[in-house]
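Dear colleague,

Please find below the structure I am handing over to you, together with its sequence. My notes on what was found in it follow directly after.

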Amino acid sequence: TTPPEQQVQVKNPHLDTMEEDILYHFSLGTKTHNLPEMFGDIKFVCVGGSANRMRAFAQFIHQELQLPGNSEEIRDICEGTDRYCMYKVGPVLSISHGMGVPSISIMLHELIKLLHHAHCRDVVLFRIGTSGGVGLAPGTVVISSKAVDHSFHPQFEQVVLGKVITRSTELDEGLANELLQYSTELQDLPTVIGNTMCTHDFYEGQGRLDGALCSFSPEEKLEYLRKAHEAGVRNIEMESTVFAAMCRVCAAVICVTLLNRFEGDQITTPHDVLVEYQQRPQVLVSHFIKKRLGLII
Ligand SMILES: O=P(O)(O)O[C@@H]1C[C@H](O)[C@@H](CO)O1
Ligand SMILES: O=c1cc[nH]c(=O)[nH]1
């Protein structure tokens, strides 16, 4: 039996009382744009930090789905602002979110409202990103079983009206397993499922010794990474907890590791290798989308 269709949920009673909703950082709005017409058919949303990566992903999906038109001419829907880039390719939306929790969180508020205003149903969301590996060979793709904070707890803390509120960051287990299964059907896609630690900084926050500030020893760094590994952490990035807390059902985090943090802090891998690594989560998501659309068996 097919599960019932799920409409994208906003959990804010005040939205219904608003005459107009301006999605400021997208340069879109409910009065200025026909959101159901523009976005009503969206079934897959992919987000990632870099604007160029998300444009490249949109072009890649355009080719993979064999859609008509020139993939080089895909237009940035958010061209009225330089905060985020957004590309629509058939039922797939590709959006950049910048670096870190505050940046992705603003984008997700407006994205979830956009999908709601557009009456989208049964949408699957993916974060396709990069990360530091914890005990994994560089280039490994990690599908997050859950996103954890700096003390390895599956929770996201947000200050609301001066008080800390906590939201769960468990992700869709079925979706993660389905993605892992699909990874075995693809070549050169070493993939594992593991916990992803989300930090608020790339340097000290991730236990790096090479920032402008460092308040700990190499031994203390290694001990922290060892504890993280024992807690099931396999990679570290900077957005997964808020992504999981806000999207949860039908959402997955898929990040490639650029280095093994037990072996160093600096990213010394050549540019062309990094570009190929970044394509790995894209190849997996594209395979998933083609399966869901029945384009491959
Ligand atoms: O999606 P991206 O590759 O931007 O994700 C990680 C986490 C930070 O945003 C950034 C740090 O280099 O990479
Ligand atoms: O080590 C890394 C690499 C990419 N992104 C991160 O947040 N950390």
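**Domain and overall form**

UniProt, in an unreviewed entry, lists residues 43–290 under "domain: Nucleoside phosphorylase". In this model, which is predicted, the end C-alpha atoms of that span lie 12 Å apart. Residues 43–290 are 33% helix and 27% strand.

The chain holds seven helices and 12 strands. Its radius of gyration is 19 Å, close to the 19 Å that the globule rule gives for 297 residues, so the chain is as compact as a globular protein of that length. Taken along the principal axes, the box filled by the C-alpha atoms is roughly 55 × 50 × 40 Å. Of the 297 residues in the chain, 39% are buried. Among contacts with a separation of 6 or more, 77% join residues 24 or more positions apart.

As to confidence, the mean pLDDT of the chain is 96, and 98% of its residues reach 70 or more. The scores of the model are ipTM 0.99 and pTM 0.97.

**The surroundings of ligand 2**

Which residues are around ligand 2? They are Thr 130, Ser 131, Gly 132, Phe 202, Gln 206, Ile 236, Glu 237, Met 238 and Leu 258. Two elements, strand 6 and strand 11 (233–237), give two or more residues to this shell. Strand 6 gives the most, with three residues. By character, the shell divides into four nonpolar residues, four polar and one charged.

**The annotated binding site**

The unreviewed UniProt entry places the feature "binding site" at Gln 206 and Arg 208.

Gln 206 is found in the loop between strand 10 (191–198) and helix 5. This residue has 23 other C-beta atoms within 10 Å and is therefore buried, the cut-off for that class being 20 or more. Residues up to four places away in sequence aside, Gln 206 touches Gly 132, Thr 199, Asp 201 and Ile 236. Of these partners, Gly 132 and Ile 236 are also listed around ligand 2, as is Gln 206 itself.

Arg 208 is likewise found in the loop between strand 10 and helix 5. Is Arg 208 buried or partly exposed? Arg 208 counts as partly exposed, because 19 C-beta neighbours lie inside 10 Å. With neighbours within four places in sequence left aside, the contacts of Arg 208 are Tyr 203 and Asp 265.

**Helices 5 and 6**

Leu 222 has its place in helix 5 (residues 218–230). Because there are 13 C-beta neighbours inside 10 Å, Leu 222 counts as partly exposed. Leu 222 and Gly 207 are 15 residues apart along the chain, and their C-alpha atoms are separated by 8.3 Å.

Helix 6 (residues 240–247) is mostly covered, with eight of its eight residues buried. The buried residues of helix 6 are Ser 240, Thr 241, Val 242, Phe 243, Ala 244, Ala 245, Met 246 and Cys 247. Arg 248 follows helix 6 and has a positive phi, near 45 degrees.

**Further residues with positive phi**

Most residues other than glycine have a negative phi. Two further residues are worth listing here against that background.

Gln 66, a residue other than glycine, has a positive phi near 50 degrees. Its place is in the loop between helix 2 (51–64) and strand 4 (86–89). Gln 66 counts as exposed, because 8 C-beta neighbours lie inside 10 Å.

Asp 122 also has a positive phi near 50 degrees and is a residue other than glycine. Asp 122 lies in the loop between helix 3 (101–117) and strand 6 (124–133). With 16 C-beta neighbours inside 10 Å, Asp 122 is therefore classed as partly exposed.

**In brief**

The annotated binding site names Gln 206 and Arg 208. Gln 206 is buried, whereas Arg 208 is partly exposed. Gln 206 is also among the residues around ligand 2.

With kind regards

Notes:
Residues are numbered from 1 along each chain as its sequence is written. Chains are lettered from A and ligands numbered from 1 in the order in which they are written. This is a predicted model: local features need pLDDT of at least 70, side-chain atom pairs count only at pLDDT 80 or more; totals for chains, interfaces and linings use all residues. Helices (H or I, at least four residues) and strands (E, at least two) are DSSP runs, numbered from the N terminus. The radius of gyration is taken over C-alpha atoms; the globule rule is 2.2 Å times the number of residues to the power 0.38. A residue is buried if 20 or more other C-beta atoms lie within 10 Å of its own, exposed if 12 or fewer, and partly exposed in between; C-beta atoms are placed from the backbone. Two residues are in contact if their C-beta atoms, placed from the backbone, lie within 7 Å. UniProt positions are given in the numbering used here, feature names are shortened, and annotations may be inferred rather than shown by experiment. pLDDT is the predictor's confidence in each residue, from 0 to 100. A residue is near a molecule or strand if its C-beta atom, placed from the backbone, lies within 6 Å of it. Ala, Val, Leu, Ile, Met, Phe, Trp, Tyr, Cys and Pro count as nonpolar, Asp, Glu, Lys and Arg as charged, and the others, Gly among them, as polar.
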